[in-house]
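Dear colleague,

I am passing on the structure below, together with some notes on what came out of going through it. Please read the notes with the coordinates open.

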Amino acid sequence: MKALFLVPITTALSFAQAPTIANATGPDSVIAIVGGHKWTVAQWEQRLAEIPEKSRAHYQADPVDLLRRLGFYESIIEAAKEAKLDQKAPYRQKIEDILFDAETNEVNNGLLVMPEEQKKYFEGHKDEFRSVRAKSLSMLLANPGARDKLTELAVKARAGQSLADLQKADEKRLRYEEAVPINLNPAIPDTRTAVVAKAKVGDVTEPVRVDANFVIYQIDSIAPADYDMVKDEIYKKLKNERFQKWAQEQTQSVKVEITNPDYFKKNSQP
């Protein structure tokens, strides 16, 4: 319905002539007829709720404007159906994609992960959930040779120079941070995890790409993560695994019979 509110439509009727719900007696009460279609209190209020709040007051004050727009919208939909556009490319594929997404979203929303399952997963994977504090030295990717420069600085840091002192040698391009929190949580994929997870306290990592930077880290501390900090991410992880399992089962349950294997062999050759 996005195009509906982009089209300016002037209202010929005054507010006094506009349909209102002042005399409505219930959600099924008809309050307007638009192009032969009856609008009830429930339908009107639902449609109002779908409109961005900043625009809602206008349509509450001038319901004829919204009803005309909705009438226009519905007439276009009907014209498209009569022309069978939903059966023609590329519209058919787009509609099917929308329906596929809608159905899989409904399935995903219906998958539940109980709190006791989250807790059990955490208890069985405590070693994977760690909270790291580290010093960091970074340089924008846009700087030529950024990775090589930070590799060189990492060697110096391992030899005993501090990241803070190394930053002073090129203050315009290097950025130093004193205490960077890094959550080593398998439920939250992070570009830093693979590198930092292997490090011990005191180690200086190789450069790792983080957003628009290359970064080296010097590990200050590693501590177990608190359950309350990671339970939401565990929920997402378990739910995603459950959905992926469902999708895999549905895919594998589809029966396929090849009736002309020679055709496929011929067309699979480069």
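How are α1 and α2 oriented to each other, roughly parallel or roughly antiparallel? Please bear in mind throughout that this is a predicted model. Helix α1, residues 41-50, packs with helix α2, residues 53-61, at an angle of about 150°, and their axes are 9 Å apart. Because angles over 145 degrees count as roughly antiparallel, α1 and α2 are to be described as roughly antiparallel to each other. On the α1 side the contact is made by Trp44, Leu48 and Ala49, and on the α2 side by Arg56, Tyr59 and Gln60. By residue class, this contact of α1 with α2 comprises 4 nonpolar residues, 1 polar and 1 charged.

The next point concerns the core. The largest nonpolar core has 13 residues, and those that touch the most other members are Leu137, Leu150, Leu153, Leu163, Leu166, Leu174 and Ile216. Two or more residues each are given to this core by β3 (130-140), α6 (146-158), α7 (163-168) and β6 (213-224), with α6 supplying the largest share, 5 residues. As general background, nonpolar side chains in soluble globular proteins tend to be buried together. Leu150 is a useful residue to start from in the viewer: leaving aside neighbours within four places in sequence, Leu150 is in contact with Leu137, Ser138, Met139, Leu174, Pro207, Phe214, Val215 and Ile216.

Ile216 also appears in the surroundings of Thr205, a residue placed in the loop between α8 (193-196) and β5 (208-210). Thr205 has 5% relative accessibility and therefore counts as buried. Not counting residues up to four places away in sequence, Thr205 touches Ala154, Arg158, Val195, Ala199, Ile216 and Tyr217.

Lastly, there are the aromatic residues, for which a search of the whole structure finds 5 aromatic pairs. One of them joins Tyr121 and Phe129 in an edge-to-face arrangement, at 6.2 Å centre to centre and with 80° between the planes. Phe129 also pairs with Phe122, and this pair is tilted, at 5.6 Å centre to centre and with 45° between the planes. With relative accessibility of 14% for Tyr121, 0% for Phe129 and 6% for Phe122, each of these residues counts as buried, because the cut-off is under 20%. Together with Tyr227, the residues Tyr121, Phe122 and Phe129 form one aromatic cluster.

With best regards

Methods: Residues are numbered from 1 along each chain as its sequence is written. This is a predicted model: local features need pLDDT of at least 70, side-chain atom pairs count only at pLDDT 80 or more; totals for chains, interfaces and linings use all residues. Side-chain values use heavy atoms; hydrogens and water are left out. Axes are lines fitted to C-alpha atoms, for helices over the stretch in contact, and angles run from 0 to 180 degrees between N-to-C directions. Helices (H or I, at least four residues) and strands (E, at least two) are DSSP runs, numbered from the N terminus. Angles under 35 degrees count as roughly parallel, over 145 as roughly antiparallel, 65 to 115 as roughly perpendicular and the rest as oblique. Contact means heavy atoms within 4.5 Å. Ala, Val, Leu, Ile, Met, Phe, Trp, Tyr, Cys and Pro count as nonpolar, Asp, Glu, Lys and Arg as charged, and the others, Gly among them, as polar. Buried means under 20% relative accessible area, exposed over 50%, partly exposed in between (1.4 Å probe, protein chains only). A nonpolar core is a set of buried Ala, Val, Leu, Ile, Met, Phe, Trp, Tyr and Cys residues joined through side-chain atoms within 4.5 Å. Rings of Phe, Tyr and Trp (its six-membered ring) pair if their centres lie within 6.5 Å; planes under 30 degrees apart count as stacked, over 60 as edge-to-face and the rest as tilted.
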